[in-house]
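User: I'd like a close look at one part of this model, namely the strand pairing and what sits around it. Could you go through it in one go, in plain bench language?

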Amino acid sequence: MEALVCRKVGDPTLSDETSPITVSASHPIPSLNSPTAVRVRVRATSLNYANYLQILGKYQEKPPHPFIPGSDYSGIVESVGPSVSMFKIGDTVCSVAALGSFAQYIVVDETELFRVPDGCDLVAAAALPVAFGTSHVALVHRAQLTSAQVLLVLGAAGGVGLAAVQIGKVCGATVIAVARGAGKVQILKSLGVDHVVDSSIENVTESVKNFLKAKKLKGVDVLYDPVGGKLTKETMKLLNWGAHILVIGFASGEVPVIPANIALVKNWTVHGLYWGSYRIHRPGVLEDSMKELLSWLARGLIEIHISHSYNLSEAHFAFSAIKDRKAIGKVMIAFDDHKTVRSKL
């Protein structure tokens, strides 16, 4: 089978002999390793910023070399162990793998898979678990967002950001989004976001304050922050008493300081959200979250925006889209009848 193999630490955007990644055309197909194992023929797998950092050697989880990177993926059940009861050959499924999904086949235990409803696009389903799962657990489970609240999403045109604004709208909240560039603003407006701030040409706090005043709203109730840095510090000025701050990541490269004295006086709740650790500590939360998200996808309540899609041999282009922040939504590696798609925005 074809597989993307990382053989050393390095920059995966390089395409010459110094690249840490290579495509193996004859990698062994993984065997079923337990009675409840399932082998999935991968239809698509998504790239997340964590994949880029892991190959660079800058992620908290550092597998030994060589390894096949892993992420959220979708596919079709190709083979099942003798004790598998939840799936049969031909079922469409999605899941998340710490390693191994950047290949034509992957073997996992049946308990790790989610059934993709009929009618759902499999490439879209492969983009769902991490980005939408992170945002759903953060907004629905942790912050318990309601229709009476105002949600402010930073980095709103990235994978988790686009997921967050859509989940915010499904919850009925007033949604404010911050992004850079006209193309990103256009997509966010098409999703029904109540107010979009183009941070490349507007002052974020002033724009949000003007919107809140016009709508006779007091402030922001939930801050969704995958960016960090100065933007976090600025937008904390917009938060209501009793607000929730969701710490999702630090795309700016700078970890913000959230003053504990102000959090105390204003009764803020600060939530750290590492979605992957829920698989160990609260797997039931993830299962419920994924079932609801797949239901929403099947009913058309949410949509997956695929910014860039490549085949395995073009992986360095895919990582470049992540590195250079060209993506508006998700970057995918697709197999089978895949055709390369590159965003023009």
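Analyst: First, the labels: helices (H or I, at least four residues) and strands (E, at least two) are DSSP runs, and they are numbered from the N terminus. Keep in mind that this is a predicted model. On that count, the protein has eleven helices and 16 strands.

Now the sheet you asked about. Six strands make up an open sheet, and reading across you get β10-β9-β8-β11-β12-β13, with parallel pairing. Each of the edge strands, β10 (195-198) and β13, pairs on one side only. Going from one strand to the next, the twist averages 15 degrees. As for what holds such strands together, strands of a sheet pair through backbone hydrogen bonds, either parallel or antiparallel.

Let's start at the β10 edge. Strand β9 (residues 174-179) pairs with β10 in the parallel sense over four bridges. If you want a spot to click on, go to Ile176, whose bridge partner in β10 is His195.

Then hop over to the β13 edge. Here strand β12 (residues 239-247) and strand β13 (residues 269-272) run parallel and are joined by four bridges. Ile245 is a handy marker on this side, with Val270 of β13 as its bridge partner. To get from β12 to β13 the chain goes through helix α8 (residues 260-265), and this β-α-β crossover is right-handed.

Next, the helices lying across the sheet. Helix α4 (residues 159-170) lies across β8 (150-153), β9 and β11 (220-225), and runs at about 170 degrees to β8. Helix α6 (residues 204-214) lies across β8, β9, β10 and β11, at about 160 degrees to β10. Follow the chain on from α6 and you reach the loop between α6 and β11, where Lys216 is found. Lys216 is a bit of an oddity: its phi is positive, about 60 degrees, although it is not a glycine. For background, most residues other than glycine have a negative phi, and most peptide bonds are trans.

That brings up another backbone exception, elsewhere in the chain. From His65 to Pro66 the peptide bond is cis, with omega near -5 degrees. Pro66 lies in the loop between α1 and β4 (72-80).

Helix α1 takes us to helix-on-helix packing. Helix α1 (residues 49-56) packs against helix α11 (residues 315-323) at an angle of about 110 degrees, with the axes 9 Å apart, which makes α1 roughly perpendicular to α11. In the contact, Tyr49, Asn51, Tyr52 and Ile55 from α1 meet Phe319, Ile322 and Lys323 from α11. By class, five residues of that contact are nonpolar, one is polar and one is charged.

There's a second helix pair to look at. Helix α3 (residues 129-142) and helix α10 (residues 283-298) have axes that come within 10 Å and cross at roughly 110 degrees, so α3 and α10 are roughly perpendicular to each other. Residues making the contact include Phe132, His136 and Val137 of α3, along with Leu286, Met290 and Trp296 of α10. The classes here are eight nonpolar, four polar and one charged.

Finally, zoom out. Taken along the principal axes, the C-alpha atoms fill a box of roughly 60 × 45 × 35 Å. The radius of gyration is 20 Å, which agrees with the value near 20 Å for a compact globule with 345 residues.

Note on methods. Residues numbered from 1 in each chain as written. Predicted model: local features only at pLDDT ≥ 70, side-chain atom pairs only at ≥ 80, totals over all residues. Heavy atoms only, no water. Axes fitted to C-alpha atoms, helices over the stretch in contact; angles between N-to-C directions. Parallel < 35°, antiparallel > 145°, perpendicular 65-115°, else oblique. Contact = heavy atoms within 4.5 Å. Nonpolar A, V, L, I, M, F, W, Y, C, P; charged D, E, K, R; others polar. Pairing = 2+ DSSP bridges. Right-handed = clockwise from strand over helix to strand, strands pointing away. Rg over C-alpha atoms; globule rule 2.2 N^0.38 Å.
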